Protein chains: 2
Amino acid sequence: MRRIAFDAMGSDHAPAYELDAVAAVLREGRKDIGIILVGDEAKIGEGLGRRGVKSRSDHLTIRHASQVIRMDDPAAAAVKNKKDSSMRVCFDLVKSGQADAVVSAGHSGAMLACALLLWKRLPGVVRPGIIGTFPTLQGECVLCDVGANVEVTPQVLAQFGVLGAVYSRLMHGKLRPRVGLLSNGEEESKGTELTRGAHEILKQTGAPAGFEYRGYVEGRDIFGGDLDVVATDGFTGNVVLKTAEGAAQAVVELLRAAFASSRRATVGGLLAGPALRKVKKKLDYAETGGAPLLGIDGLALVCHGRSSAQALRNAVLTATRLLDKGLVHKVAEAIEKARPKPDEKNADTGHR
Amino acid sequence: MRRIAFDAMGSDHAPAYELDAVAAVLREGRKDIGIILVGDEAKIGEGLGRRGVKSRSDHLTIRHASQVIRMDDPAAAAVKNKKDSSMRVCFDLVKSGQADAVVSAGHSGAMLACALLLWKRLPGVVRPGIIGTFPTLQGECVLCDVGANVEVTPQVLAQFGVLGAVYSRLMHGKLRPRVGLLSNGEEESKGTELTRGAHEILKQTGAPAGFEYRGYVEGRDIFGGDLDVVATDGFTGNVVLKTAEGAAQAVVELLRAAFASSRRATVGGLLAGPALRKVKKKLDYAETGGAPLLGIDGLALVCHGRSSAQALRNAVLTATRLLDKGLVHKVAEAIEKARPKPDEKNADTGHR
């Protein structure tokens, strides 16, 4: 059984949406999932009661935690000081072998801090990255990092390409993922000192790590279907994620207004309704179920603070799926393959 | 008469779209616009002939330029070495008083380099910024910088807020623009060293420069209608511009597929067609007519390399409108107001 430590206090609507999500997972009667709900025991118990869910069963236990890490807490300090916070307890449960993965919709920076403080980084990993998944016309494109690390080195940025490629291969079946490096233009003369450094490293690591490095790409290329992975720093990645979300929402709102603008358009909208709702759902980033934190020796899924209950349910199911697929082990293997060989390393640093 | 130096060789479809744009402007019979087409004289003459436009008239002249700055040219070197490039000649024409503004769809970095090399920066301006305009549900939001400066200091980033505010006031009638600083979260603990520095400066400069500083904002806030201006560095701004463009296009494509997915949806799409086309047009960034480069002592409009003829026509008209409104003078005034007073400066640096 896959045991998921689920932070009950993480989302903007905690614990209500978390409890709705748990109720939904339990209703499906999956024998392979066990949930450990972590947070305010009284609130959780009462909330479960109102949903007609037993607080304790073969597939559900509650672990009390007296504290909560808030969105405006400084990440590292909160993790150190709030030892009994629901998020930190989740990571402790995995550390002590009582759970297999963490799912939380809380402070993503604090999740990174928990992972770094309580778990180990995989050998060769400088900084873990968070995976974001974008719908494209042909399928999905993975962006790494979407918020864990706002200030990085070229080495770290290049490694985000490796992390994204592993995820794309495992989750989207891309045997040789096409990886781009996000920049402000496709020409080599574009970019910053940071991207130029990462570009040189990615030229070397792509082939041994089993992906095709495509060089600099632009924001619009994320959606074009010609790329499986885009590497970027956590600041830019977070801005991209939220810009895409905002732009897609704005389009949907503009369409709503357009359909209301004339009787003819209204009738058109009603007829096309079911097809349009499918598009809306595909575009709703809050519906996608959790973004894994890669590069650490353990599985943690970061969910959007504004996640719906449905999205949180999806995240729990995604966590079990990623455990089944051995994601963490696969990441460790890829990082190892992408490491410069001793000879190359010497050549690079001039110590031959 | 407003004399526009128009780079005939700038866009991806140069000079065809540029010549279409000129033909369109001339057809409107505006007495207040004079265009100086700069580029390969033979090609321009032949192209105009095919469009039934006289090469020389009261409102059109051609200025030959033997070179072209290409998208893969390193900006600064190209401007220095290609002295007879169509873009550089445009800036020279303004410098020598033969034209009042420049419009080009060429290399935006090279345009910045031209402006810095041949024109003067306005007093107090550290680095000029390019303005991008985004459609929102309530109107427009201005982003500055969208590509001129990829590596900036906190002072430069804060000044982009001032530049954006002037533009918003002048072009969108916002008397007291609401200005946000783009970050990876709204909390003060978020951001980078760069954004934290700019944040402290903007807290001080907002009131004297006549805008309301709203602090950190996220990518999605650009589209929400609660902001008139968002300040960011040129790397992130360029990524945002292209991500929004890509996301909006992807939504339009997904809708196209949705309308084709069933007979019912197709009929709906036909009925709603006119309303939907209006939305599509609003979202098409290639349709917006040029982004001004602000902070320099002269008016230059940067157009998208993929601009349509219609967009280039719009840019020429926008340039005359901005000349009429005295944009450059207004920017100079605002920069002056946002400068720290001698007293404050002493207080800040501890030299009182």
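The following exchange takes up a predicted model and asks how several of its descriptions are justified.

User: What makes chain A as compact as a globular protein of its length?

Analyst: Chain A has 12 helices and 11 strands. Its radius of gyration is 21 Å, which is close to the 20 Å that the globule rule gives for 352 residues, so chain A is as compact as a globular protein of that length. Buried residues make up 59% of the chain, and residues 24 or more positions apart account for 70% of its contacts with a separation of 6 or more.

User: Why is the pair Glu218(B) and Lys242(A) called a salt bridge?

Analyst: The side chains of Glu218(B) and Lys242(A) come to 2.6 Å, N to O, and the cut-off for a salt bridge is 4 Å, so the pair qualifies. It is counted in a structure that holds 39 salt bridges over all chains. Glu218(B) lies in the loop between strands S8 and S9 of chain B, whereas Lys242(A) belongs to helix H8 of chain A, so this pair joins two chains. Both residues are buried.

User: How do you know that Asp20(B) counts as partly exposed, and what does its salt bridge with Arg51(B) tie together?

Analyst: Asp20(B) has 31% relative accessibility, and partly exposed covers the range from 20% to 50%, so the label follows. Arg51(B), at 26%, counts as partly exposed by that rule. Their side chains meet in a salt bridge at 2.6 Å, N to O; Asp20(B) sits in helix H1 and Arg51(B) in the loop between helix H2 and strand S3 of chain B, so the pair ties together parts 31 residues apart in sequence.

User: Why is Asp228(B) called buried or exposed, and how does its partner Lys174(B) count?

Analyst: Asp228(B) has 4% relative accessibility, which is under the 20% limit, so it counts as buried, whereas Lys174(B), at 26%, counts as partly exposed. Their side chains meet in a salt bridge at 3.8 Å, N to O, a value that is within the 4 Å cut-off. The pair links distant parts of the chain, 54 residues apart.

User: What makes up the interface between chain B and chain A?

Analyst: In this interface, 59 residues of chain B are in contact with 59 residues of chain A. The buried area is about 5,000 Å², of which carbon and sulfur atoms give 73%. Arg220(B), Phe235(B) and Leu254(B) supply 14% of the area that chain B buries against chain A, more than any other three residues. Between the two chains there are 4 salt bridges and 10 residue pairs in polar contact, with both residues at pLDDT 80 or more.

Key. Residues are numbered from 1 along each chain as its sequence is written. Chains are lettered from A and ligands numbered from 1 in the order in which they are written. Side-chain values use heavy atoms; hydrogens and water are left out. Contact means heavy atoms within 4.5 Å. Buried area is the accessible area (1.4 Å probe) that two parts lose on being put together, summed over both. A polar contact is a pair of N or O atoms within 3.5 Å; within protein, one must be able to donate a hydrogen and the other to accept it, and residues adjacent in sequence count only if both atoms are side-chain atoms. Helices (H or I, at least four residues) and strands (E, at least two) are DSSP runs, numbered from the N terminus. The radius of gyration is taken over C-alpha atoms; the globule rule is 2.2 Å times the number of residues to the power 0.38. Buried means under 20% relative accessible area, exposed over 50%, partly exposed in between (1.4 Å probe, protein chains only).
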